[in-house]
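User: Hello! I am new to this structure and would like a friendly tour of it. Please show it to me, and then I will ask my questions one at a time.

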Amino acid sequence: MADGPRLKIDIDEKRFAVLPVPLLVDFHLTVEPSTVVALVGPSGVGKSSLLRMIAGVDRDYSGTITIDGVDAAAAPPAGFVFQDARLLPWLTAGQNIRAVRRETTEAEASALLQRVGLAGYDNAYPRELSGGMQRRVALARAFSVNPRLLLLDEPFVSLDRNLVAEMQDVFLDLVRAHGATAILVTHLADDAARLADRAVVLAGMPARIAADVALSPERDLRNDADFARLSGAISNSAPEAHA
């Protein structure tokens with residue numbers, strides 16, 4: 001099992017011209033190898049922007065982000081899961097996986113589809129798959145890009161909660177198998193409580209770390225009572241909970 005990388009985020013300033021104040025100022029966060037960190041907070045607080053900076057897509061900031069000591073822009077690309085599947089409609093499920101990493105073989109793509117519960121769907125087109133199945137392909141595609149580092153931007157939005165539970169089980173199985181480091185952006189404390197080792201609550205403008213909550217017991221040992229307790233702890237740590 002491969003170990004995920006260590007991330008070190010030190011942002012002096014990140015701003016957008018349309019905003020009256022910077023999005024981030026003196027923002028510091030370290031993510032230890034093979035851990036899942038949930039970034040929790042309201043829309044517009046900078047969670048998705050931070051993911052793009054970690055991915056090396058957005059380089060317009062002052063400061064440094066390193067992945068195992070390598071600048072994020074020069075590090076191997078992370079596997080990225082978006083709010084929607086973003087599959088290419090003219091490619092099959094297997095081809096969508098191989099399209100983002102040419103070195104991936106047909107056999108490897110097929111094995112990934114099997115891991116996410118889509119054995120035998122290699123030649124299915126997106127239009128032939130349900131929304132949940134398309135999300136599974138997107139998750140497999142992300143792991144094909146980089147099984148060590150995964151960035152997820154509200155990956156369960158617009159799915160019904162039964163399907164969310166299935167997708168979360170698939171995600172946890174893959175993370176467990178690869179020892180991945182993962183950053184999960186979510187506005188739901190429940191998702192963080194189920195999936196993460198640590199919840200970092202963001203608030204304000206410029207955004208700050210309002211709370212940094214270590215989640216225990218370990219993910220695989222949590223029961224429904226633990227999920228409820230941890231979700232409550234995350235929710236209660238948000239600034240609006242004390243307003």
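Analyst: Welcome! A residue is called buried if its relative accessible area is under 20%, exposed if over 50% and partly exposed in between, with a 1.4 Å probe and protein chains only. The model is predicted: local features need pLDDT of at least 70, side-chain atom pairs count only at pLDDT 80 or more, and totals for chains, interfaces and linings use all residues. Residues are numbered from 1 along each chain as its sequence is written, and side-chain values use heavy atoms, leaving out hydrogens and water.

User: Is Asp58 buried or exposed?

Analyst: Look first in the loop between α1 and β4 (62-67), where Asp58 is found; helices (H or I, at least four residues) and strands (E, at least two) are DSSP runs, numbered from the N terminus. The relative accessible area of Asp58 is 13%, so this residue is buried.

User: Which side chain is joined to that of Asp58 by a polar contact of 2.8 Å?

Analyst: Leaving aside residues up to four places away in sequence, Asp58 touches Lys14, Phe16, Arg52 and Met53, where contact means heavy atoms within 4.5 Å. A polar contact is a pair of N or O atoms within 3.5 Å; within protein, one must be able to donate a hydrogen and the other to accept it, and residues adjacent in sequence count only if both atoms are side-chain atoms. The partner of Asp58 in the 2.8 Å polar contact is Lys14.

User: How far is Lys14 from the ring centre of Phe16?

Analyst: A charge sits over a ring if NZ of Lys or CZ of Arg is within 6 Å of the ring centre and within 35 degrees of the ring normal. Lys14 lies over the face of Phe16, and its distance from the ring centre is 4.4 Å.

User: Which residues form an aromatic pair?

Analyst: Rings of Phe, Tyr and Trp (its six-membered ring) pair if their centres lie within 6.5 Å; planes under 30 degrees apart count as stacked, over 60 as edge-to-face and the rest as tilted. Searching the whole structure gives 1 aromatic pair. With centres 4.6 Å apart and 10° between the planes, the pair is stacked, and its members are Phe80 and Phe82.

User: Is Phe82 buried or partly exposed?

Analyst: Its partner Phe80 has 16% relative accessibility and so counts as buried. The charged end of Arg86 sits over the ring of Phe82, 4.1 Å from its centre. Phe82 has 27% relative accessibility, so it counts as partly exposed.

User: What is the phi of Arg86?

Analyst: Most residues other than glycine have a negative phi. Arg86, in the loop between β6 (79-81) and α2, has a positive value although it is a residue other than glycine: its phi is near 55°.

User: Which residues of α3 are exposed?

Analyst: In helix α3 (residues 106-115), Ala109, Leu112 and Leu113 are buried. They lie on the same side of α3 because they cover an arc of only 100° around the axis, the arc being that of the directions from the helix axis to the C-beta atoms. Their cover includes α2 (93-99) and α4 (131-145). Exposed on the other side of α3 are Ala107 and Gln114.

User: What distance does helix α5 reach from its first C-alpha to its last?

Analyst: The expected span of a helix is 1.5 Å times one less than its number of residues. Helix α5 (residues 161-178) has 18 residues and is expected to span 26 Å; its reach is close to that, at 26 Å.

User: Which residue takes a positive phi just after α5?

Analyst: At the start of α5, a side-chain oxygen of Asp160 comes within 3.0 Å of the backbone nitrogen of Asn162. Buried residues of α5, including Leu163, Phe171 and Val175, belong to a set that packs against β3 (36-40), α3, α4, β7 (149-153), β8 (181-186) and α6 (189-195). Just after α5, a positive phi of about 60° is taken by Gly179.

User: Which residue is joined to Ser216 by a cis peptide bond?

Analyst: Most peptide bonds are trans. One cis bond, with omega about 0°, joins Met205 and Pro206, the latter in the loop between β9 (198-203) and β10 (208-214). The peptide bond from Ser216 is also cis, with omega near 5°, and leads to Pro217.
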